[in-house]
Amino acid sequence: WLKITGSLFYSNGIAVKVMGTITDITTVKNEEFQRKDLMAFLSHELRTPLSIAKLYVQHSYKIVKKEKVNELANNLAKADYQTERMVNMIDNFLTLSHMENSKLIVQPKGFDLTDTISEIIKDMAFMYPGRVFKMESENHVKVNADKDKIIQVLINYLNNAVKYSPADTPISISCRKIGDQIRVGVSDKGPGISTDNQKHLFNRYSRVHDENNIRVKGFGLGLFLSREIIESHGGKVWVQSEPGEGSTFGFTLK
Ligand code: ADP
């Protein structure tokens with residue numbers, strides 16, 4: 001991107017001299033692009049943990065009114081956990097936006113993926129009362145990964161399952177160790193996705209525009225960010241789906 005500024009000097013109505021500068025504004029344009037991404041990220045990705053925290057706070061408020069103090073403490077701890085996750089995500093994103101090549105920084109640590117998934121399922125069940133969430137996992141599958149970012153991927157998949165499948169259908173999450181690989185999948189009984197549409201889903205801003213999705217709002221960023229996160233761990237994302245049969249979105253980690 002080149003920006004040209006300057007003046008023309010005239011003599012008897014004829015331009016005789018041009019003075020000015022040509023500036024390379026590529027960096028400015030890149031910054032504008034990153035700001036757009038930042039706004040989309042903040043509104044899309046921060047909304048989920050923020051609304052979970054909001055629900056716990058609301059629930060606590062109702063309990064305070066009834067003076068059930070123990071349960072209040074428990075709920076406040078959960079709200080604290082969700083807020084902490086938001087702060088971490090903001091820190092990560094600010095780091096990301098300062099990086100020119102937009103590569104994600106992951107900070108892997110060993111943690112229990114089975115326990116993490118059951119915590120997330122409890123949160124989801126609290127957030128979506130009446131919705132059935134099932135878990136099929138081997139006991140205590142351990143993983144070396146960036147916990148907050150893996151949580152982000154799981155929540156993206158689970159939120160999509162909630163958004164795109166009927167409220168009276170169950171959502172199941174599986175977690176298995178196969179050889180030296182860990183395989184996680186989130187399955188729903190929603191409308192499913194054609195093989196052609198599956199190819200583009202993990203691209204930035206990609207959305208399926210058909211009659212099933214028309215009422216569901218979104219930015220087409222969740223799956224893109226999920227892929228970035230999993231690939232920056234050296235893993236792979238995948239989808240298995242048949243129109244009319246539901247979908248399974250998953251990832252594989254070493
Ligand atoms: P968003 O949901 O904000 O549009 P995502 O990147 O999370 O963005 O998803 C991209 C697209 O993939 C969605 O717009 C939708 O068309 C499709 N999709 C994702 N998850 C599912 C699902 N579980 N069932 C059917 N379609 C899905």
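**Group meeting: the ligand site and a few residues around the fold**

Let me start with the ligand. Nineteen, written 19, is the count of residues around it, and Asn-160, Tyr-164, Asp-188, Arg-207 and Asn-213 come nearest. Keep in mind that this is a predicted model.

Now the contacts. Asn-160 places a polar side-chain atom 2.8 Å from an oxygen atom of the ligand. Tyr-164 does likewise, with a polar side-chain atom at 2.7 Å from a ligand oxygen. Gly-222 works through its backbone: an N or O atom there lies 3.3 Å from an oxygen atom of the ligand. How much of the ligand does the protein bury? The ligand taken alone exposes 540 Å², and the protein buries 99% of that. As for the site itself, the ligand sits in the largest cavity.

Which elements build the shell? Helix H5, residues 147-164, helix H7, residues 222-232, and strand E9, residues 246-253, each supply at least two residues. H5 gives the most, with three residues. By character, the shell divides into eight nonpolar, eight polar and three charged residues.

Stay with H7 for a moment. Its buried residues are Gly-222, Leu-223, Phe-224, Leu-225, Ser-226, Ile-229 and Ile-230. Gly-222 you have already met, through its backbone atom 3.3 Å from a ligand oxygen. Recall the helix rule here. An α-helix has 3.6 residues a turn, so residues three or four places apart point the same way. After H7 comes Gly-234, with a positive phi near 85°.

Next, E9. Thr-252 is in that strand. Is Thr-252 buried or exposed? It counts as buried, because its relative accessibility is 10% and the cut-off for buried is under 20%. What does its side chain touch? The side chain of Thr-252 makes a polar contact with the side chain of Trp-238, at 3.0 Å.

Now a backbone oddity. Most residues other than glycine have a negative phi. His-140 is not a glycine, yet its phi is positive, about 50°. Where is it? His-140 is in the loop between strand E4, residues 133-137, and strand E5, residues 142-145. His-140 is partly exposed, with a relative accessible area of 47%.

Last topic: sequence separation against distance in space. I have three pairs, all C-alpha to C-alpha.

Pair one starts in helix H4, residues 113-127, which holds Ile-121. Ile-121 counts as buried, at 11% relative accessibility. Ile-121 and Ile-171 are 50 residues apart in sequence and 10 Å apart in space.

Pair two also starts in H4, with Glu-119. Glu-119 counts as partly exposed, because its relative accessibility is 37%, between the 20% and 50% cut-offs. Glu-119 and Lys-199 are 80 residues apart in sequence, and 31 Å separates them in space.

Pair three takes us to strand E6, residues 171-178, where Lys-177 lies. Lys-177 is partly exposed, at 43% relative accessible area. Its partner is Pro-129, 48 residues away along the chain, with 30 Å between the C-alpha atoms.

To recap. The ligand sits in the largest cavity, and the protein buries 99% of the area it exposes alone. H5 is the top contributor to the shell, with three residues. Thank you.

Methods. Residues are numbered from 1 along each chain as its sequence is written. This is a predicted model: local features need pLDDT of at least 70, side-chain atom pairs count only at pLDDT 80 or more; totals for chains, interfaces and linings use all residues. Side-chain values use heavy atoms; hydrogens and water are left out. Helices (H or I, at least four residues) and strands (E, at least two) are DSSP runs, numbered from the N terminus. Buried means under 20% relative accessible area, exposed over 50%, partly exposed in between (1.4 Å probe, protein chains only). A residue is near a molecule or strand if one of its heavy atoms lies within 4 Å of it. A polar contact is a pair of N or O atoms within 3.5 Å; within protein, one must be able to donate a hydrogen and the other to accept it, and residues adjacent in sequence count only if both atoms are side-chain atoms. Accessible areas come from the Shrake-Rupley method with a 1.4 Å probe; for residues, only the protein chains shown count as cover. On a 1 Å grid over the protein atoms alone, a cavity is a set of points where a 1.4 Å probe fits but cannot get out, and a pocket is an open set with protein on both sides within 12 Å along at least five of seven lines; lining residues have an atom within 4 Å of a point. A molecule sits in a cavity or pocket if more than half of its atoms lie within 2 Å of its grid points. Ala, Val, Leu, Ile, Met, Phe, Trp, Tyr, Cys and Pro count as nonpolar, Asp, Glu, Lys and Arg as charged, and the others, Gly among them, as polar.
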